[in-house]
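Here is a friendly note for anyone opening this structure for the first time. Have the picture beside you as you read the points below.

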Amino acid sequence: MTADDFYDSDEEIDFSDLREQYEVKLEEGLDTFVVVDGLPKVPEDNKPKLVKFLVKKLQGVGKTKEDSVYMPMGDDGQSQGFAFVEYETSMQAAQAVKKLNGLALDKKHVLAVNKLTDIERYGREGRIDEKYTEPEPEPFVEQEHLRSWLADPRGRDQFILFRADTVGVYFNNKKEAPEMTVERQFWTESFVRWSPLGTYLTSLHPQGVQLWGGASWKRMARFPHPAVNLVDFSPNENYLVTWSNKPIVYQEGMPGITAEEDGKTYIVWDVKTGKLLRSFPPIESPQEADKPPNMRKKIQWPLFKWTADDKFCARVTPGSSISVYETPSMVLLDKKSIKLEGVVDFEWSPYSPTDEELKKPASEQLLCYWTPELGNQTARVSLMAIPSKEIIRTRNLFNVSDCKLHWQSEGAYLCVKVDRHSKRGKSTFTNLEFFRIKEKNIPNETIEVQDTVINFAWEPKGNRFVLIAAGELPPANAAGVAAVPKTAVSFYAPEKVKSGPAGQFRLIRTVDKKNSNAIFWSPNGHFCIVATINSQQSNELEFWDFDFDGEKRESEKDLAANLSLIGTVEHYGVTDVEWDPSGRYVVSSSSMWKHTMENGYHMWDFKGVSLREDHIERFKQFAWRPRPPTMLSKEQQKQIRKNLREYSRQFDEEDLIMESEASAIVIEARRRLLEEWRAWRSRIERDLAEEREDAGLPPFGADEEKEMEGATVIEEIVEEVIEEKEEEIA
Amino acid sequence: MFERALTQVKYNKDGDLLFSVSKDHVICVWFSQNGERLGTYHGHQGAVWTIDSNPTSSILASGAADNTVRLWDIKTGKLIKTWDLPTAVKRVEFSEDGLFLVATTEQRMGHLGSILVYSINPDIEGEQDDEPSLKITCEQSKATVVAWSYLNKYIIAAHENGTISQYDSKTGEQLLNVQVHEKGPLVMDMQMSPDRTYFITASKDKTSKILDVNTLQVLKKFETDTPLNSAAITTKKEFVILGGGQEARDVTTTAARQGKFEARFYHKIFEDEVGRVRGHFGPLNTIAVHPAGVSYASGGEDGYVRLHHFDKSYFDFMYEVERTRAQH
């Protein structure tokens, strides 16, 4: 290599980042100036009054003083309707442009605030055409159908597989290899995520977030949040929240964000327009931020929680308040946070009243929050209606260590899992406080559990639930490794009642001495997996049926459930379990992010019958593509359920044809392989025989065959006398 | 049972004896029918890496880390010849007719790896030549394993760089050199088919391949999820047996299943996995199949030799296409 080559390669290095950092900003000095236009024209006498008034307005966003305002006077002795103002910093000047531009002073006068540098840049003669020309409307471009995958003739669901550096989207083919629709290397730089209705696939990059979709998997949107770590969607995919652990350091020329975002860590975006709606600073206390990253408290995610209709989003400032924002403006409801001393956490009801219901006065969005014991006030869980902020139900609680709020998927029930301690604080146990939201006066009932409940899950669209309780921690074993306590899994259902609301919740059964730690309900209820994940001891998945079609135990005959264990399987190293959107299949996977060996996924049907096993090197992530809610009416769904037998016969036939086609292909391939091998062998054997003959040797194997024919097994029995003794028996 | 890891197991041509060598310094011989030990051969001063018996089961050859190749009288256990070499010997193999022995030596201490061929005097009492009849120096990359083709035509060698060479066994000329396995992970084993017209390799790159000895063309490829140490071709049935496992230092926990210490059976023609046999507590280092295809033996890092006799279902197992073809 010559010296010239070195120079060449040097030139290719991209210095733009360094250049940006170190380039001297020539306009620096003028950046603190703004031009205020749209002022009333006043004579000399009134000028100080106007300046005083103006400064008052201008100080709302930054520091300036009357001396810093220069208002030129015209030849006619009147001011000319504009002024130059100097702020202390360029940041303040930028704020002024953002906040004060368009501000109405009175009915006639509206302020126009621009940076002086902008006026220089754009206002010079010739820079902008004097004549207004109508902008050309952009021609309409047909967009790809964003839900094209739902039109699959076989109604298959899709999923993503992320392995090594490649992310791919595939159709589920049950036992057969999945059908690839797209595969891209380096599609994401940390993980991928589906939007809640399955429209977009989200990828994360150091520069921000990208959304992909449509049949061609093209890029749909970009959200430039530098060093983004986490993303979250609103339930209807209208809004996106991004978070980075590093506050944004704003620099001129960053796309999509403004100086406003400096120091912020959370950004709320409009998904369809790609616009930034609002950004938020970190909520952690300054002491917390100073700690090294591994010492800090885990961040709460998602911090911003949405109502089911995307109309409101809210976040808690632990200890003091809940802030409810209205969309799409993202301004605080009634311009202020709701002060709630001590508040720890809250959850929205996942049910939003329909437009029809909203016409009735009582229907509002519900949120549930809890506050711990404070001074002489007991711990308390409350239900608040939004937007009225009316508290419609509260319940006082005693000796509370912690609460978790669990809404049933339709918002019909709320379970507050209350971890309590005995008066002396020695032992802990759990109370479950149930609220029946849809019933008059929101009645409450309590279930006491002797041990600490570590996991709780409602049946989706149902009124049954599963909980896992852990006993006292056994002492560490000899090796000093803390043992994991055995767990007990309990199943509950309401009592059977003839009519009216569901009966009291009653225990169906408890299965103890387990290691189970996770509950995965089928998306349509009815079936439930109780699993042990991320565990060294056990890798068990138990498939439970809540409406088993068979004999019911006498002791459980009064309950609205017939519980039966229908399958138990093991998946070594399982870290994640996910049902497909239809509830027909479930995938357990072992991701290299959490487990080092035998990564891959395993697909089961709802009964726990293994369909497919795929071991994949450097496997990272499996995720089913969510489906939007069905567009069929209740009547249509009922009709389908009625004719299910008819449909299932049709599907069985289709499956059979598919299977036999697939196996025909396999058989054909095998036949070909066999023929090829046999042909090759007979050629080689013939050649070998010839060569042996030339060498004067008998054909290969001839002598052995002869030997084999004459071979007989000779068994020799050799008796050796070790000792002989004569004894007389009396 | 050995105190240390097994390095090679091998049946004699009749299949009644099974020889085994390990990292302790002793060679053992067993009855293959019942696993009873028949005897041992003492003399090596280092880990014994390799072993082979001649077609008449009179002479045993062994190679070891003590830089020697030795010949033994199988019947009496008497040492009949020692060749001192500059480096350790990783593989020895008798030719089909038993008149030649090939050995491969390590590259170390300024010595390049080499492939040596010795003429063998089949008379136990007779003199053995002191010098090899042929010496091939591996200039590019040392040979890890070597084997004879049919009729002593070629010597096949697998190299450290993942290539496989075909040498003329008379002149030592390299006729072919093909990149078969990945560079880096070593090719650990190479075993010939009974008629020595094709052979199977086993590589740490987690694959095993069947190649034609004449063209070095890859005929079959078996992909697994674990580094492989050994591969054997079964007779009677169209299978191959592969063995390996995560090395001890890569296994983070103790559960045996995580290390993948299983013998895996693949269909030789269809390349599908058909079954696994568990049992070892460590990686499988070596596998050998009985010449008549009635049993197989495996030697593990755990110090155990496991001897398995095939049952009726093994012989009955057939793919549908094989069955229909067999009926015609």
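**Notes on the two chains and their salt bridges**

1. A good place to begin is a salt bridge between A:E691 and B:K153, whose closest N and O atoms lie 2.9 Å apart. Please keep in mind that this is a predicted model. Across the interface of chain B and chain A, the rule finds five salt bridges, and the count of residue pairs in polar contact between these chains is eight.

2. Which elements of chain B give two or more residues to the side that touches chain A? They are β19 (207-212), β20 (218-223) and α2 (320-327) of chain B. Of these, α2(B) gives the most, with three residues. By type, the residues on this side of chain B divide into 16 charged, ten nonpolar and six polar.

3. The extent of the interface can be put in two ways. In residues, 32 of chain B are in contact with 24 of chain A. In area, the two chains bury about 2700 Å² between them, with 59% of it on carbon and sulfur atoms.

4. Now for chain A as a whole. Its 730 residues include 40% that count as buried, and the chain holds ten helices and 41 strands. Chain A exposes about 43500 Å², of which carbon and sulfur atoms supply 51%. Among contacts in chain A between residues at least 6 apart in sequence, 48% join residues at least 24 apart.

5. Over all chains, a search of the whole structure finds 54 salt bridges. One of chain A's pairs is A:R671 with A:E668, at 3.4 Å between the closest N and O atoms. Both residues lie in helix α9 (residues 644-694) of chain A, three residues apart, or about one turn of the helix. A:R671 is partly exposed, at 38% relative accessible area, and A:E668 is also partly exposed, at 44%.

6. Another pair to look up is A:K404 and A:D402, a salt bridge with its closest N and O atoms 3.2 Å apart. A:K404 counts as partly exposed because its relative accessibility is 41%; for A:D402, 26% gives the label partly exposed.

7. In chain B, B:R196 forms a salt bridge with B:E93, the closest N and O atoms being 3.0 Å apart. This pair links distant parts of the chain: B:R196 sits in the loop between β17 (187-192) and β18 (198-203), while B:E93 is in strand β9 (residues 89-94), 103 residues apart. Are these partners buried or exposed? Both B:R196 and B:E93 are buried. Elsewhere, salt bridges with shared partners join B:D225, B:E262, B:R264, B:E273, B:R276 and B:R278 into one network.

Notes
Residues numbered from 1 in each chain as written. Chains lettered and ligands numbered in written order. Predicted model: local features only at pLDDT ≥ 70, side-chain atom pairs only at ≥ 80, totals over all residues. Heavy atoms only, no water. Contact = heavy atoms within 4.5 Å. Buried area = accessible area lost by both parts, 1.4 Å probe. Salt bridge = Lys/Arg side-chain N within 4 Å of Asp/Glu carboxyl O. Polar contact = N/O pair within 3.5 Å; in protein donor to acceptor, adjacent residues only side chain to side chain. Helix = DSSP H or I, 4+ residues; strand = E, 2+ residues; numbered from the N terminus. Nonpolar A, V, L, I, M, F, W, Y, C, P; charged D, E, K, R; others polar. Buried < 20%, exposed > 50% of the residue type's maximum accessible area, 1.4 Å probe, protein only. Areas by Shrake-Rupley, 256 points an atom, 1.4 Å probe, with all protein chains shown as cover.
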